[in-house]
Amino acid sequence: MRSAASGGGACDGLRVVDFSTWMAGPLATMVLADNGADVIKVEPPEGDPARSQPAFQTWNRGKRSVALDLKSDAGQERALELIRDADAVVTSYRPGVAERLGIGYEQVREANPAAIYAAITGYGEEGAFAHLKGYEALVCAKFGRMMMFERIADRNGPGYPAVPCASYSAAMLTVQGILAALHKRQSTGRGQKVSVSLLASLIPYDLILWIGHQLREQGPEAEGQTANMYLQQLMGRRQQLGKDGGDESKTYNPREVHRPSFRVPRPNYLTAVTKDGVWLQFANTIDHLCFAQMQALDLVHVYEDERFAKLPAVGDEADSEALWEIVLERVRSKTYAEWTEIFDKYENVAVERVRWPREALEHRQVLHNGNVVDVPGLDGQPTKQIGPLVRFSANEAVIGKAAPQLDEHANATFDGESTSTNGGDHATGDGPLAGVTIVDFSQWIAAPYSTGVLANMGARVIRVEVPGGDFSRYSTDGLLSFPMTQGKESLALDLKRPEGREVAHKLIAQADMVLHNFRPGVAERLGIDYETCKRLNPRALYLNAASYGDSGPDCRRPAFYAIAAANGGNQMRQAGEGHPRPGSEALPINDLKDEAWRLLKAAEWNADPIAALGSATALLLGLHARDKSGSGQELLTSMLCSNMYANTDELIDYDGVPEPPRVDANLYGLGPRYRLYEAKDGWVFLACPREHEWEAFCQAVERPDLATKSDDSLADEIAAVFRTRPADEWERTLAEHDVPLVAVETRDPGRFCLEDETMRELGHMVEVESPVYGTYRRHGALQKFSDETLTFGPWEPLGGHTRSILNELGFSESEVETLIDSEVVEAWVPS
């Protein structure tokens, strides 16, 4: 499959040696291969253990395979022969293993000082957890992520996370790290090491817990002072402006921010089943979207009831439940086909069918976007797989070659001349993206978080917000504004005014990257469309981080995290086996509410960070292409596609494809050898998918008889074993036998990050100083670079850099004051 662009791949000429296995590393190098990189996959003689999984055919498409015994001198010399001609090397071993196999960073640097060395580990290369095996579920257990799924099933305790978010994120962070280091190599001529861990890759999925805990712990007096006064002032300003930060006006309702915590879903953010048993996800967060939903459902009359007159705000849980029942009954009065015909007439309704991952391959917008490709399978059979992560206007993705047979390319070498140089001095830099300027017009969560990832690597990010501020400054009592603004410069600017567009155009003329996530037509009305940007700055990379796309049947439909989760398969996978119950459409209302509530809780917030990491990757792919061509171009990503990428462990279809294992109804895991168990005190997660690991467990617990037990009785037998000791003791004991097991962290991820010493030692939590919130701790490094010192900025007030940015653009002090007085811009005034 080739895109419609006319150029070569964004990564043409890039040479990669990939020693990684399972999902994270192979998915990273798949993205590079899809975009033109020449990837040689080096496997052990027995092959990548993921070869037994259908997804291997996706993760390794378009690569070449060389099988080497790296425990032998000959194998190591052959590996170094490939490395000498490579631009990048990717590994996924536990700390110390690569060195023993002759391919550690220092050994690679000696062979090729220009190579970028990406090391993916479970928990980092140092710290208290480094020795533990890094299976996805084990890392999630250590991070506290399993506590985010408590009470989806009808039980207390941690729940198994069904979507491999850590592996997906590690893949995206690895691609970003390699491309950022290659960009830096343009000026230094030398390579460096990029370290990525699955542990740090989970950080994006804690958007607000970490800061919420800190603000609450300041106490009532602190909460009533500067920070809350700032938020209240912002609310009043926004209400005065009567804007919601998007392309449509609304009256701001403070109750939407300070809403009570209900134990039932709100009628504008729920799941409901149709007459013929199809589940739908609604996500109409703000009032004009909620009104459109009620119009489509023919329920506008509910606004006449004083209980519902201020929708989407509902002040009483009983009232919310009453309206919930009305909506549920209304949705199951028509078939899915009937509702689809109606919703197609209301483009402001955020609604999506709740699908399994493979069903996403049939979505009409996914097909329109070219996100489904035909690729030969390992056995030559036709398969349908996920298509390119990003669409380029000047480059083309090349997807069509099958994954290789083991050692199919035994004599493979790289074409062209070696990139190896003498390297030079290893002086420390200020981040691999230092000198890159990004102008970010995006809103809400997914797209703004993506530029925060790049700011962590040294990019300068200027976030352009409407006067009154982006809605993320108000949602969740302002907590979302922390990850959306940290380390950025805020410019509050009215793009609907000619004077505002003039300022925006001056910014664009000096930018390396421009980003927005508006629906089609909005960027044109605001004067920041691609053609305008191209005229102002032909070198600029222009990313539309869309929800659905920039054209096609659903491109004008809004989307929030639950919509992308519904389509990508995240939600259905997380609900657990047997849910949603077959025949739910005929259930009594109370039973239907139980099923609908479970499915809604299964949506979790993971879809926004997933999309954010995909967009950040897209921008760096574009930067790599520009470093070669000197020209900018237009890029397109979508929340739909990025969330499908996170489900690539299931997202392949062909005749006879086996059904993937499903999470059990109680969300313990995928089977007796890969699941949660309750210990005498606490919980443990056991991960023994490979036979030698299982045999080691049976010997370590002195129960060799378990090796022959059937699955029907095995879980009960293992559960009885674990109930005899506390969880921490089990972890210490079984670690001595190298059995993959950890004690489950029962603090939530926010508490874990704040309180765990290892997270601070590894640089994943850092202290910053805010003019409003004072000293606090924020998330730090997602990737680590051997030759860079990364810095992390604090929360940014609205318009915090308005004056300095305008001065930099050439506006005099009097001109700045005029812009402020006429409300074209808004500037923060310290109290």
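In what order do the 4 strands of the open sheet lie, and is their pairing parallel or antiparallel? In this predicted model, the order is 20-21-22-23 and the pairing is antiparallel.

**View 1. The open sheet of strands 20, 21, 22 and 23, from edge to edge.** The sheet is bounded by strand 20 (669-671) and by strand 23 (741-743), the edge strands, each of which pairs on one side only. Direction ignored, neighbouring strands of this sheet are turned against each other by 35 degrees on average. At one border of the sheet, strand 22 (residues 683-687) pairs with strand 23 in the antiparallel sense, and 3 bridges are found between them. Within this part of the view, Leu-686 can be found opposite Leu-741, a residue of strand 23.

**View 2. Helix 6 and helix 27 against the sheet.** Helix 6 (residues 136-143) packs on the sheet, where it touches strand 21 (674-678), strand 22 and strand 23, and its direction makes about 10 degrees with that of strand 23. Helix 27 (residues 711-722) also belongs in this view, since it lies across strand 21, strand 22 and strand 23 and runs at about 45 degrees to strand 21.

**View 3. The hairpin of strand 10 and strand 11, with strand 19 beside strand 11.** Strand 10 (residues 372-376) and strand 11 (residues 382-386) run antiparallel and are joined by 5 bridges. Between the two strands of the hairpin there are 5 residues, and Gly-380 takes a positive phi near 85 degrees. Strand 11 also pairs with strand 19, again in the antiparallel sense, over 2 bridges. Gln-385 is a residue to look for here, as the bridge partner of Val-373 in strand 11 and as the residue that stands opposite Ile-652 in strand 19.

**View 4. The loop between helix 12 and helix 13, with Asp-298 and Pro-312.** This loop, which connects helix 12 (287-296) with helix 13 (317-331), contains Pro-312, and the peptide bond that leads from Leu-311 to Pro-312 is cis, with omega near 10 degrees. Asp-298 is placed in the loop between helix 12 and helix 13 as well, and its phi is near 60 degrees, which is a positive value in a residue other than glycine. Asp-298 has a relative accessible area of 53% and is therefore exposed, the cut-off being over 50%.

**View 5. Leu-667, in the loop between strand 19 and strand 20.** Leu-667 has a place in the loop that runs between strand 19 (652-653) and strand 20, and it shows a positive phi near 60 degrees although it is a residue other than glycine. Is Leu-667 buried or exposed? Its relative accessibility is 0%, so Leu-667 counts as buried, for which the cut-off is under 20%.

**View 6. The cis peptide bond at Pro-580.** The bond from His-579 to Pro-580 is cis, and its omega is near -5 degrees. Pro-580 is found in the loop between helix 22 (570-574) and helix 23 (589-601).

**View 7. Two stretches in which pLDDT stays under 50.** The chain has a mean pLDDT of 92, and 92% of its residues reach 70 or more. Over residues 220-226, however, pLDDT stays under 50, and the model has 6 contacts beyond four places in sequence for them. Over residues 243-261 pLDDT likewise stays under 50, and for this stretch the model has 55 contacts beyond four places in sequence.

Note on methods:
Residues are numbered from 1 along each chain as its sequence is written. This is a predicted model: local features need pLDDT of at least 70, side-chain atom pairs count only at pLDDT 80 or more; totals for chains, interfaces and linings use all residues. Side-chain values use heavy atoms; hydrogens and water are left out. Two strands pair if DSSP finds at least two bridges between them. Axes are lines fitted to C-alpha atoms, for helices over the stretch in contact, and angles run from 0 to 180 degrees between N-to-C directions. Contact means heavy atoms within 4.5 Å. Buried means under 20% relative accessible area, exposed over 50%, partly exposed in between (1.4 Å probe, protein chains only). pLDDT is the predictor's confidence in each residue, from 0 to 100.
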